[in-house]
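Colleague: Could we go through the ring contacts of this model together? Please state the cut-offs as you go.
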Amino acid sequence: MATLKDIANYTGVSCTTVSNVIHGKPGRVSAETIAMIQEAIEKLGYVPNMSARSLVSHSSKVIAMINHVVTNRSSKFMEDPFESSFVGTIEAALREHGYYLMIRTVETSEDLLAFLQNWNVDGLFFTGIFKDKFFDVLTKLSIPIVFIDSYVHHPGIYNIGLEDFKGSHTATRYLLDCGHRRIAFASPSIKDGGVLQERFLGYKAALTEAGIPFDKTLVFEHEMDFDSCGQLAGELADRYHSASADNRLSALVVTADIMAAGVMAGLRSHGLSVPEDISVIGFDDLSICRMITPALTTIHQDMEKKGTLAVEYMLKQLADEPIQHSEVILSTDLVKRDSVRSL
């Protein structure tokens, strides 16, 4: 692999001149010499040593996205289409500004500290943060941090969030307006102070406003993998078949599109039809919503805007630029498709 010295020997200029051109500091170097150096770089296949550059500039150009949501040993963070799509948006926005994205799942604060000791990252994105020991450790870090969808706050830590309560409230309200009264709620494990709790509270509030008593037996907590969705579908089918016609659940609010799709597949395997037997509404508006049959009615969130804002907040911290608001809450919208019917 070609070195900086090889470029200098090939062009007949000093290593300092080559280094300045490579690092975007050409000074008084002529346009002809810059073009000659760039031609040599391409011809010799020179690749900058990022480790060496980070030692000189004190910047690795690497931003880490830390996932702290660990559901079970068999599940993978990037298996969730929402996460993979969102991470893609983050990576593309960082790449435009010359940064690299590193992804890591950590379970404990000790794991996080070990990671930071071994990797020189310029900043951290965090998903799945709650007010606990892990959060306490974050407040002591002297590194730019941006939270994604967090409901804990601390001076100097910024958050890009969503109308989780309102989105779920809108979904439930739509089902109520369609004549449904026995509406179930499905979600991964609901923890205090998180996104899923906000969506659960939005569901409860819509029922209360409609004068419908909350029934905790209609709340189902399962993971989002295929087997868990199948198990959930079996429980819903058992509930559906065992109830009298006037007390039978007719609709389901789900906190994620991928979970809704899995449940819909499971319901079909148990002889139930969506939406004829059970109407289903999801959350996120992933591309999968338009690929499945029936197309999934869902709550839309702008993932691209969320990702670009998160990167914008990170870059402003790295550049020591002022940030007007410590938190941005993005709006949600109902997208009507074919998985909900009116009674």
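Colleague: Are Tyr158 and Tyr313 buried or exposed?
Modeller: Both Tyr158 and Tyr313 are buried (under 20% relative accessible area, with over 50% exposed and partly exposed in between; 1.4 Å probe, protein chains only). This is a predicted model, in which local features need pLDDT of at least 70, side-chain atom pairs count only at pLDDT 80 or more, and totals for chains, interfaces and linings use all residues. Residues are numbered from 1 along each chain as its sequence is written, and side-chain values use heavy atoms, without hydrogens and water.

Colleague: How many aromatic pairs are there in the whole structure?
Modeller: The search finds eight. Rings of Phe, Tyr and Trp (its six-membered ring) pair if their centres lie within 6.5 Å; planes under 30 degrees apart are stacked, over 60 edge-to-face, and the rest tilted. One of the pairs is Phe135 with Phe147, tilted at 6.2 Å centre to centre and 50° between the planes.

Colleague: Which residues are in the cluster linked by ring pairs?
Modeller: Phe126, Phe134, Phe135 and Phe147. Phe135 counts as buried because its relative accessibility is 2%, and Phe147 does so at 1%.

Colleague: Changing topic, which residue lies over the face of Phe130?
Modeller: Lys191 does, at 4.1 Å from the ring centre. The criterion is NZ of Lys or CZ of Arg within 6 Å of the ring centre and within 35 degrees of the ring normal. Arg248 likewise lies over the face of Tyr240, at 4.6 Å from the ring centre.
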